[in-house]
Amino acid sequence: MNKFTKYILLVVVCVIIPSALVWNFLPSMLGDYPKVYSIVHRITAIYITIMATWLLISFANSFRSLGEHHNVPHQQYLNSFISVLKIILVFIAVIIVIAIIVNKDPSTLIAGLGAASAILMLAFQDTIKGLVAGIRLTSNNMLEIGNRITVPQAGIDGIVEEIMLTTVKVRNFDNTIITISPQALVDGSFQNWKGMKENKGRKVVRKFYINFHSIVKGDDGTVNLTRYRQHMEQWLKKHPRVLKDNMIMVHQLDATPTGLPIEFVFWLDEQNVPPYEELISEIMEYAYAEANEFNLRIYQQITDAL
């Protein structure tokens with residue numbers, strides 16, 4: 001018997017059973033006092049309703065805790081439906097309590113809510129939209145707990161910690177917690193770094209500009225820029241941190257007024273930001289310095305000092 005089962009049994013014994021016994025013995029104890037019996041009868045019924053609802057909500061919450069360590073879409077579906085179930089339970093409990101107070105059949109009150117359905121839809125529109133958006137996020141595998149996401153317009157760049165009915169909780173790398181609605185994620189755009197995490201490495205795309213006047217032929221007829229590009233490609237292929245099975249390319253882009261763009265495309269076996277950026281800096285610093293060995297000048301706009 002697990003801890004939760006013991007907890008439920010304890011609640012039933014301590015809360016539900018005593019109130020049920022009081023309910024059962026009320027007619028024999030207060031049958032001669034109709035007014036007192038009516039008041040106590042209603043209070044007991046309300047108490048049982050509230051306690052039963054609380055017990056059912058606790059039971060529903062237990063399913064969420066059972067799968068909190070599993071990063072699977074099914075658990076996220078479950079979280080959304082548990083939230084809806086809790087709303088329904090509270091709604092039904094409120095109807096029953098009101099019915100007890102006014103001494104009416106609960107079904108009669110529920111039937112009378114048809115005219116107020118528009119008001120209820122308006123009151124719960126955020127909840128309904130959140131549920132639909134949450135289902136879209138999880139069913140399309142767009143978001144999971146543990147994913148790193150970036151939402152620039154909301155100042156979000158961190159790890160998803162919780163996906164609820166109307167909110168997604170994200171812990172930024174500075175340990176600040178930011179919540180955003182699933183609807184905002186679906187209607188807008190966000191960057192999910194899941195693909196990079198699942199991949200073996202991380203892509204690098206960098207470029208700089210070569211001064212056209214420094215591109216010349218050598219004694220053997222080859223162009224210094226051609227030899228530089230080939231040299232850098234071979235150097236990258238031999239680099240211990242560059243992935244050999246992924247694209248490695250040093251090529252030129254369309255000419256611009258500020259020079260000829262030379263683009264480096266390769267993959268590093270590092271994903272963490274600080275070491276990743278350090279590796280890029282070391283590689284590109286070598287690329288800048290090596291350009292001088294081929295008599296290539298990197299374009300740099302020079303302005304007169306003030």
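Student: In this predicted model, what makes strands 6, 8 and 7 an open sheet, and in which sense do they pair?

Tutor: The three strands line up in the order 6-8-7, with antiparallel pairing. Strand 6 (202–210) and strand 7 (249–252) are the edges, as each pairs on one side only. From one strand to the next, the twist averages 15 degrees.

Student: How do you know that strand 7 and strand 8 pair?

Tutor: Two strands count as paired if DSSP finds at least two bridges between them. Strand 7 and strand 8 (residues 260–268) have four bridges, in the antiparallel sense, so by that cut-off they pair. Within this pairing, H251 stands opposite E263 in strand 8.

Student: Which strands does helix 9 touch when it packs on the sheet?

Tutor: Helix 9 (residues 224–238) touches strand 6, strand 7 and strand 8, and its direction makes about 160 degrees with that of strand 7. Helix 10 (residues 273–293) also packs on the sheet, touching strand 6 and strand 8. The direction of helix 10 makes about 30 degrees with that of strand 6.

Student: Good, now the other sheet. What is the order of its five strands?

Tutor: They run 4-3-2-1-5 in an open sheet with antiparallel pairing. Strand 4 (177–180) and strand 5 (191–192) are called edge strands since each pairs on one side only.

Student: How many bridges join strand 1 and strand 5, and why does that count as pairing?

Tutor: Strand 1 (residues 148–151) and strand 5 share two bridges in the antiparallel sense. The cut-off is at least two, so they pair. Here I149 stands opposite N192 in strand 5.

Key. Residues numbered from 1 in each chain as written. Predicted model: local features only at pLDDT ≥ 70, side-chain atom pairs only at ≥ 80, totals over all residues. Heavy atoms only, no water. Axes fitted to C-alpha atoms, helices over the stretch in contact; angles between N-to-C directions. Contact = heavy atoms within 4.5 Å.
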